Amino acid sequence: MNDSMRRAGAILLVIFGGTGLWWAGSGAPASASANDAMVATIAAAREYAAASDPRLKGASRFEEGGWIYLHLEGDPGAIGFQHGYLLAPEIEDGFAAVSAGMMHSTERDWEFFRKAAREMLWPKIDAEYQQELQGIVEGLRARTGSKLDVDDIVAFNAFEELPDYYVPWLNKQLGTANAPILKSPGNCSAFVAAGSWTKDGQIVMAHNNWTSYRNGERWRIVFDIAPKNGYRMLMDGFPGVIASDDDFGINSDGLMVTETTITQFEGWDPKGKAEFVRARKALQYAGSIDEYTGIMLDGNNGGYANDWLLGDRKTGEIAQLELGLKAYKLWRTKDGVLSGSNWARDSKVLKEDAPQFDPNNKESSPNARRARWDELLKENKGKIDVKLAEQMLGDHADTAQKKEEANERTLCGHVDGSPRGVKEWDWQPYYPGGAVQGKATDAAMTKEMRIMARMGHPCGGDFLAKPFLAAHPEYAWEEPYLRDMKAGPWTEFRSGQAAKE
Ligand SMILES: [Zn+2]
């Protein structure tokens, strides 16, 4: 017997002191080798011991409509532990898919990202979120014996900002020869409306998340978080990531938040604070549009630069925060509609932060969708409600071709059907990406902490991996990670929800 086996044996004795009956019922197969049995026993013992960890108190998980609903509560370490423990299989799976994508696009190894996380990001993360990230690692280890450590989890949390903002900036600084082409992502179609635009005069907000189907099919968590400090939050999210990250969330002080990403954004400040930290902090602590703006600006690192669409149900005011690095602008109104489809609108932000973006090319995905939002929202002025918003998120009108066709220019994106791809994001023809899920809410629902969410294409269409890969062998590298993405029904989620009987 080696040392670690002896230690494990000692732990088992302690754990199984009064639990012989429990173990008798769960048995490993009698034919398994002694070693396999020992490994299985240790894993079962670890999981059993962890399940009674006091940090899990109050946390819960259930599945509905293709989503995994997760309730987390308590201090930061407990919230992290619950997250890591209850989503352990999904985090391991999501980490594998995301890290493979990060390494593939940047041609950097994983150690590069770990180092960036440790040396550049970690020192500027608030203590509260350091504890939560550390908690995720502890929860993961308690459940599965995961080998992931805090550097892995921090790099993974920064998956929207390290590959497409930091790496191109770094390559430029270093004059890296033959550096891969990296373009900031263009995620999402969204709007927020208020006043004479909506049916009840109150705020309506909707968003669909555009990303690779590889990642998007995993973007299926509804987080209900009751933190010790700050406001309660209800948001969609990715397993293992502490911010919503495609960004759709509401808080118990009435703030409503979503965004679309600024296409062809360039810039990074290595001294800044990670975007995923600022975004999470802003949803947790902002009770007004001004407070939200203040938190996002504090330590702005330029990562994952977005046009934030905000609503404050207490005042009925909506706002758009176009958050560049060198420039930013805030628009606000109590009677209007603000839409997003990955285009910057402020001339200074365009000039200084997204100089390559052409706002006049009507054929590009951001501009064609911008035209469609204008059309669709105007047509429905005074009638907009959550039901209508759900339909809009599944819209397939292509304004460039003036016809119905699900492609890269439609509000519900299907880039896998486009021979053009989206060159502004370096998405090649038939790239397996597009709108992967949708969410909507309004002021009345926000007051009760409720949202509607649909997993998969908001139009209800399915993506099937096998025929796609057969037709497009150029995406064969995704094969280990790319899965079917089948649409679920529009489903309501609310804070404090329990699984249906
Ligand atoms: Zn669609």
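**Two sheets and the helices around them**

Modeller: Opposite T258 stands L309 in β9, and do keep in mind that this is a predicted model.

Biologist: Good place to start. How many bridges join β8 to β9?

Modeller: These two strands, residues 255-261 and residues 306-312, run antiparallel. T258 facing L309 in β9 is part of that picture. The number of bridges joining β8 to β9 is seven.

Biologist: Which strands stand at the edges of the nine-strand sheet?

Modeller: The sheet is open and mixed in its pairing, with the order β1-β2-β5-β6-β7-β8-β9-β10-β11. A strand with a single partner has one side left without a neighbour in the sheet, so look at the two ends of that order. The edge strands are β1 (60-64) and β11 (328-333).

Biologist: By what angle are neighbouring strands of this sheet turned against each other on average?

Modeller: The nine strands are paired in a mixed way, so the value has to leave strand direction aside. On average, with direction ignored, the turn is 15°.

Biologist: Let's look at one end of the sheet. What is the bridge partner of E63 in β2?

Modeller: β1 and β2 (residues 67-74) pair in the antiparallel sense over five bridges. They form a hairpin with two residues between them, and G65 in the turn has a positive phi of about 60°. Across the pair, the partner of E63 is I68.

Biologist: What angle does α11 make with β6?

Modeller: α11 packs on this sheet and touches β5, β6, β7, β8, β9 and β10. Helix α12 (residues 289-297) also lies across several strands, β8, β9, β10 and β11, and runs at about 15° to β10. For α11, the direction compared with that of β6 gives about 150°.

Biologist: Now the loop between β6 and β7. Which residue there has a positive phi although it is not a glycine?

Modeller: Most residues other than glycine have a negative phi, so a positive one catches the eye. The residue in this loop has a phi of about 70°. At 5% relative accessibility, it counts as buried. The residue is D247.

Biologist: And M449, is it buried or exposed?

Modeller: M449 lies in the loop between α16 (443-447) and β16 (450-455). Its phi is near 55°, again a positive value in a residue other than glycine. The relative accessible area of M449 is 7%, and under 20% counts as buried. So M449 is buried.

Biologist: On to the six-strand sheet. Which are its edge strands?

Modeller: This is an open sheet with antiparallel pairing, in the order β12-β3-β4-β15-β16-β17. An edge strand pairs on one side only, and here that goes for β12 (336-340) and β17 (491-494).

Biologist: At the β12 end, what is the bridge partner of A194?

Modeller: β3 (residues 189-194) and β12 pair in the antiparallel sense over five bridges. Helix α14 (residues 365-379) lies across β3, β4 and β12, at about 30° to β3. In β12, A194 has as its bridge partner G336.

Biologist: At what angle does α15 run to β15?

Modeller: Helix α15 (residues 386-393) lies across β3, β4, β15 and β16. Relative to β15 (433-442), α15 runs at about 170°.

Biologist: What is the relative accessibility of D353?

Modeller: D353 is found in helix α13 (residues 347-353). Its contacts include Q264, F265, E266, G324 and L325. D353 counts as buried, with a relative accessibility of 0%.

Biologist: Why is α8 described as largely enclosed by the rest of the structure, and how many of its residues are buried?

Modeller: The covering elements include α5 (88-106), α6 (110-121), α7, α9 (162-174) and α11. At the start of α8, a side-chain oxygen of D149 reaches to within 3.1 Å of the backbone nitrogen of D151. The helix is largely enclosed because the buried count is eight of the eight.

Biologist: Last one. How far apart are the axes of α4 and α7?

Modeller: Helix α4 (residues 76-86) and helix α7 (residues 127-144) pack at an angle of about 35°, in a right-handed crossing. By class, their contact has eight nonpolar, seven polar and four charged residues. The distance between the axes is 6 Å.

Technical notes. Residues are numbered from 1 along each chain as its sequence is written. This is a predicted model: local features need pLDDT of at least 70, side-chain atom pairs count only at pLDDT 80 or more; totals for chains, interfaces and linings use all residues. Side-chain values use heavy atoms; hydrogens and water are left out. Axes are lines fitted to C-alpha atoms, for helices over the stretch in contact, and angles run from 0 to 180 degrees between N-to-C directions. Helices (H or I, at least four residues) and strands (E, at least two) are DSSP runs, numbered from the N terminus. A crossing is left-handed if the near helix is turned anticlockwise from the far one by less than a right angle, and right-handed if clockwise. Ala, Val, Leu, Ile, Met, Phe, Trp, Tyr, Cys and Pro count as nonpolar, Asp, Glu, Lys and Arg as charged, and the others, Gly among them, as polar. Buried means under 20% relative accessible area, exposed over 50%, partly exposed in between (1.4 Å probe, protein chains only). Contact means heavy atoms within 4.5 Å. A polar contact is a pair of N or O atoms within 3.5 Å; within protein, one must be able to donate a hydrogen and the other to accept it, and residues adjacent in sequence count only if both atoms are side-chain atoms. Two strands pair if DSSP finds at least two bridges between them. Lists of a residue's contacts leave out its neighbours within four places in sequence.
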